[in-house]
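Reader: I'm new to reading protein structures and I'd love a close look at just one part. Could you walk me through a sheet and how its strands are arranged?

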Amino acid sequence: MTTRRLTVAQALVRFLANQHTERDGVRRRLIAGCWGIFGHGNVAGIGQALLESEGEMPYLQGRNEQAMVHAAVGFARQSNRMSTYACTTSIGPGATNLVTGAALATINHLPVLLLPGDVFATRPADPVLQQLEVPHARDVSVNDCLRPVSRYFDRIWRPEALIPSALDAVRVLTDPVETGAVTLALPQDVQAEAYDWPEEFFAERVWRVHRPAPDAQSVAEAAERIRAAKRPLIIAGGGVHHSGAEEALRTFAERTGIPVSETQAGRGSLRFDHPCELGSIGHTGTAVSDDIARTADLVIGIGTRYSDFTTASRTLFADPGVRFVNVNITSLDAHKQAATPVIGDARAALEQLTGALDGHRVAEDYVREYRAGAQRWAEVVERTTRSAAGDERPGQAEVLGVLDEVLDDRDVVINAAGSLPEDLNKLWRVKEHRQYHVEYGFSCMGYEIPAAIGARLADPSREVFALVGDGTYLMMPTELVTAVQEGIKINLVLVQNHGYASIGGLSEKVGGERFGTAYRYRDDTGAFTGEPLPVDLAANAESLGVDVLRASTVDQLRNALRAARSSDRPTAVYVETDPAKAQLPPEAWWDVPVAEVSTRESTQLARKRYEDQARAQRHHL
C-alpha cells in the first residue's frame, strides 16, 4: 500500500479538497474553501496546511467566528446544499463563538464544516491557555458545547482516527436527511503530528445526493386523501428549494388547482403572480393565505417542519375535521400533525402524486374564491408599499416597495431578524425561486451581512442585497471589512428606526410597554427622553471601507439603490424611516406567554387577551 507522510492538518485539507457532490448529473465541489481566524490553537496546524495547499483550498479571512459560519450557511443555501465552506478557529472564545452559527445551520438543515482547535491530546502542560478545566471529566473542553448543535461531532485524539471520522463527516454533510453543522475538534498537538496516510484517503470521491422516492402505498393513501378533500391547501417549505422541486410543485398545483401558501423558508416556491399562489402563511402571513388555512379540510405540507410561526402556535388550522398529508424526506417532519406521511424527496414525491391524481381538480368555485382573495391582498401590497410621494420619508414597507421597483428578478434579498422579516413575508413579491433569502429557523440577528457574502460567492452573477435594521447592524457589521478586503460586491440596505422595532411592538402587545427596546438618552433622573442617540451608522459603515449613499426621501432612496446596484464595490444605502408609518397587523396569533399576575394594567389586559386567544390552540391527533 502506497502511503504519504503528512500532518493531520495537511491530510485533512487534502482530503477535503477531493470531495464532491453530484445530483441529477451535476457535480459540485463539496468544500469550496475555508474561512478562518487564527490563534495559537490552529495557526501552526490548519493554518500551515492551508498555506501549503493554497491552490487546492481557497482561504477567506473572517473577522468574527460566528459570522464565518453565517457566510458558509449563506453559500450553502444559495448552492442548494450541494456545496459549503469549512470554518477553522482557535481554541477558547474562537471555538465557542461558533455555537450560534452551528445552531442556525442545524436548525435550517444546511451543511457547514467546523474545525475548531482543541486542547493538547498529550497534555504536556495542563491547563493550557484558554483551557476549561472540568474536574470530573478530563476529556471535556469548551468544544463540547458544540455537541448539541452539531449533527456530527468528533474529537480527533489520534491521527489514524481522522480517516473514519472524516468520511463520516462528509457522509452527514451530503445527506439531505441528516445534514447540518458538522464539527471535527482538532487538538492542537495532533494537528501538527505526522502520519503515514494511505493514498486512497486522498482519492477523488463523489457523494451522490439521491432522490429517494416514497413507497407506492404512501402515495396512494395521500392521493386518496387529496381526492376526498373539498378545500385542500399546500404549504410549501424550505424542502421544496432544497430538492429543486419548484417546477414539480408548479405542475402539481396547476393540474389540481390546489392553492399554495409558503413558509419563510419556502418563499419563491411559486412566482408571486402565479394563479395558485397565496403568499406566506401563519403569524406573518397574508390575509388570503390564513383565511384559506382556517377553512382547509386538508393541509398538504411539502418540506416544512411546522414551526409555531407557520401554524400560528397551533391555532391556524381551525376546521374541525382538518387532516394532513406531509411530504418530507425526514421522518420526524413527515409524521407531524398526525399526518399521512409521504417520506421521500420532494420532487420525486410530487411527480408521483401528480401522476396518481391525473384528472383530479378542485371545484371551480374554490378556485375563484382563493384567487379573489389573492387579488385583494395584491391590492393591499400595492397600497402599503407604494403610497409615499417621491419627496416623503419612506416607511419600512415603502422601502420594500422601492426595492421591488429597482431590483432585477434574480437579485437576492437577504434578511433574518427584527421587523423586516414580517414585512418581507407579507409584502415581498418573489419573482425567482432563489431571490428570497430570509433565515427564520433561528431568526439570528447578525446573519445578513456575512450571509450576503456567502450568497454572492455562491453565484457572482446575482446582485445581493442585505437588508439590515439598526439593531441587527450593531450586532455584527464586522464582515463588511471582509467584503472590502476580498473584493466581494454586496449591497447593504441599512434601515435606521432608532431601536428594536419588532420586539418593541411585541413588548407593547404583551404589556411590556416597550421596556428596553429603544435607543434613547437618559436624563439626570435616569428616565429615558424622546431624543434618539447621536449614533451615525452610515459613518460607521463608511469607516469600515464600504461606499455609503444616504437617502432621506423615496426618490433619493430609488436613486441610491440604483447606484449601489450598478457599482462594482461593496456599497451601503442608509435610509432613516418614518416611525409613524405602522406595520400591517398580524393576520394570525403567536403564543408569547404573558405574566399571569401583575400590578400594571397594561399587563393585566394583555393577559386577558392571551387567555382568550390561547383557547383556540389544539393538537392535531
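Author: Sure, let's take the open sheet built from six strands, which run in the order 19-18-20-21-25-24 with parallel pairing. Look at the two ends of that order: strand 19 (436-438) and strand 24 (547-551) are the edge strands, and each has a single partner strand, so one side of each has no neighbour in the sheet. Keep in mind that this is a predicted model. Going from one strand to the next, the twist averages 20°.

Now zoom in on one pair. Strand 18 (residues 412-415) lies alongside strand 20 (residues 464-469), and the two pair in the parallel sense over three bridges. If you want a spot to click on, try Ile-414, whose bridge partner in strand 20 is Ala-466.

Next, find what sits against this part of the sheet. Helix 17 (residues 420-427) packs on the sheet and touches strand 18, strand 19 and strand 20. Compare directions too: that of helix 17 makes about 150° with that of strand 19.

So, to picture the whole thing, start at strand 19, an edge strand with a single partner, then follow the order through 18, 20, 21 and 25 until you reach 24. Strand 24 is the other edge, and because it also has a single partner strand, one of its sides is left without a neighbour in the sheet. Along the way you'll pass the three strands that helix 17 touches, namely 18, 19 and 20.

Definitions and conventions. Residues are numbered from 1 along each chain as its sequence is written. This is a predicted model: local features need pLDDT of at least 70, side-chain atom pairs count only at pLDDT 80 or more; totals for chains, interfaces and linings use all residues. Side-chain values use heavy atoms; hydrogens and water are left out. Two strands pair if DSSP finds at least two bridges between them. Helices (H or I, at least four residues) and strands (E, at least two) are DSSP runs, numbered from the N terminus. Axes are lines fitted to C-alpha atoms, for helices over the stretch in contact, and angles run from 0 to 180 degrees between N-to-C directions. Contact means heavy atoms within 4.5 Å.
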